[in-house]
Amino acid sequence: MVDYMTQESEWEPKLLGFLCKWCSYAGADLAGTSRKKYPANIRVIRVPCSGRVDPLFILKALRLGFDGVLVSGCHPGDCHYQTGNYYARRRMAITKKFLEYMGIEPQRIQASWVSASEGEKFTEVVTEVTKALKETGPNRLFTDERRRNATKTTE
Amino acid sequence: MKDGGMQQKLRSEAKALLEQGKVDYIIGFEAGSLKFTTTPLITSDKDDIDRLVINPFIVNNLSVYLSELKGRAGIVVKGCDSRSIVSLLQDNKVARENVVILGVPCSGIIDLGKVEKLVGKDRDEIDDIIQDRDRVVITVDENRREFPIREVLFDNCLGCELPTPQEYDILLGELTSAASDEDKIASQKKINSLKNIPPEQRWEFWRSEFDRCIRCYACRNICPACFCDRCFVEETEPPWVLPVPRWQDNLVFQVIRNMHVAGRCTDCGECERACPVNIPLRSLTREMYDMVDELFHYKAGMDKEASSFLAAYEATDVEDFIR
């Protein structure tokens, strides 16, 4: 859980990444073995396919206090299961747009295609997303009024 | 809508269907216990057929009963309800040969709340409400007043794209035409005003709306597109949302419900009407409906041969948001 009382200056965004085991997770692995540097803000959950990611996971992550969620899978046409990422793409499109309509900042919901050979791209994605989240600020969407006010006065 | 003619035709067709054994029961409407209202009637008894009614108050989407009932049913549907049936056919929740669809060409359903507001009287004090094409005549104490029909129709009826059923076996009246663009815009007023405020205020709006939610699940239970055997809110490992009605969990529930009915929701408006604390749920479902249409050119319940929206994809689907 995120500590809501953390001071703004020390604050680092927490990003939850759902990485497909065949492409993006391997891509992240490659970034590591190639000794590429990327922000340590991402916490990774390995999923069998980007198609496994339920919009519920994304909302639950935001509900728990993560500042952003990244769903990353194989490029179109590269899915290990042929079509999983196509379903994910449709689902992500409406999830992102609908949550935006509700009033959630669009930067909090991110998606990318990263293949197993794209260690470099993985570092770029995580760097860009972390930067975007820093600009967006901490996720206080689900904090209660009382708590939100308390946080405000300590800032 | 020549309701009298349609009602007569419905009764004779329904009686014939039961007598010939083509259906096991009829799902329709009968007069409700409160003035002007109607209530669902499900019967296999021929003697009940004369209780069936068709009038501008047949508000419910009866297709919600189809996935639960066994056997063959004759069902009375309006345009939006018929699309819910098409959607259930797409998802294999209902077999086409098990339903005989009695289609009502609909010219809009009257919102009694709007009528009460318009004439400043309680529904019990109103003597009569008669729809006459694009006018409505309301009689209070022998005082007849005429209004344009659009002033008393439900918001979702104002923006109706398909008043005549998409799928039917027996059509009970003449074809009706879709809403004008002007009326469509009127039906979106609430959504557009929400879109025009900054995101933080929008979130604040929904936060305060879901603060009222008592999680009675009426919206889910009345929805023909909400047909999961086990709803995710009842799962305990992991518990996705807590059963206590806190606004955070209420909001998560409603957002995910909208995700699940994306491409299935036909904007029938039942969820909003069922809500006991008047949360403007249609401002969510309608926006999802339009979003799916705009991004994927997909409208729910139009083609029974097509795959269900979330169980399909196109190679050319939008991906400008993906890095």
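Two strands count as paired if DSSP finds at least two bridges between them. In this predicted model, strand β5 of chain B meets that criterion with strand β6 (residues 135–140), in the antiparallel sense and over five bridges. Within this pairing, I129(B) stands opposite I138(B) of β6(B).

The pair belongs to an open sheet of three strands in chain B, ordered β5-β6-β7. Pairing in the sheet is antiparallel. Its edges are β5 (128–132) and β7 (143–148) of chain B, each of which pairs on one side only. With direction ignored, neighbouring strands are turned against each other by 20 degrees on average. Helix α3 (residues 112–119) of chain B packs on this sheet. The helix touches β5, β6 and β7 of chain B. Its direction makes about 60 degrees with that of β6(B).

Chain B as a whole holds eleven helices and eight strands. Its C-alpha trace spans about 60 × 50 × 40 Å along the principal axes. The radius of gyration is 20 Å, which agrees with the value near 20 Å expected for a compact globule of 323 residues. Of those 323 residues, 43% count as buried. Contacts in chain B with a separation of 6 or more were also examined by distance along the sequence. Residues 24 or more positions apart account for 66% of them.

Two helices of chain B, α7 and α9, pack against each other with their axes 8 Å apart. The angle between them is about 100 degrees. Angles of 65 to 115 degrees count as roughly perpendicular, so α7(B) is roughly perpendicular to α9(B). On the α7(B) side, the residues that meet α9(B) are W206(B), R207(B), F210(B) and D211(B). On the α9(B) side, they are W247(B), N250(B), L251(B) and Q254(B). By class, this helix contact comprises four nonpolar, two polar and two charged residues.

Both helices also take part in the contact between the chains. That contact takes 27 residues from chain B and 29 residues from chain A. On the side of chain B that touches chain A, the elements giving two or more residues are α7 (199–212), α9 (247–260) and α11 (282–296) of chain B. The most come from α9(B), which gives six residues. The side of chain B that touches chain A has 19 nonpolar, two polar and six charged residues.

Chain A also contains a helix crossing. Helix α1 (residues 24–33) of chain A packs with α4(A) at an angle of about 95 degrees. The axes of α1(A) and α4(A) lie 7 Å apart. This angle makes α1(A) roughly perpendicular to α4(A). From α1(A), the contact is made by S24(A), G27(A), A28(A), L30(A) and A31(A). From α4(A), it is made by G119(A), K121(A), F122(A) and T123(A). The contact of α1(A) with α4(A) has four nonpolar, four polar and one charged residues.

Helix α4 (residues 119–136) of chain A also includes K134(A). This lysine has 16 C-beta neighbours inside 10 Å and therefore counts as partly exposed. K134(A) and C23(A) are 111 residues apart in sequence. In space, K134(A) and C23(A) are 27 Å apart, C-alpha to C-alpha.

How values were computed: Residues numbered from 1 in each chain as written. Chains lettered and ligands numbered in written order. Predicted model: local features only at pLDDT ≥ 70, side-chain atom pairs only at ≥ 80, totals over all residues. Contact = placed C-beta atoms within 7 Å. Helix = DSSP H or I, 4+ residues; strand = E, 2+ residues; numbered from the N terminus. Nonpolar A, V, L, I, M, F, W, Y, C, P; charged D, E, K, R; others polar. Rg over C-alpha atoms; globule rule 2.2 N^0.38 Å. Buried ≥ 20, exposed ≤ 12 C-beta atoms within 10 Å, placed from the backbone. Axes fitted to C-alpha atoms, helices over the stretch in contact; angles between N-to-C directions. Parallel < 35°, antiparallel > 145°, perpendicular 65-115°, else oblique.
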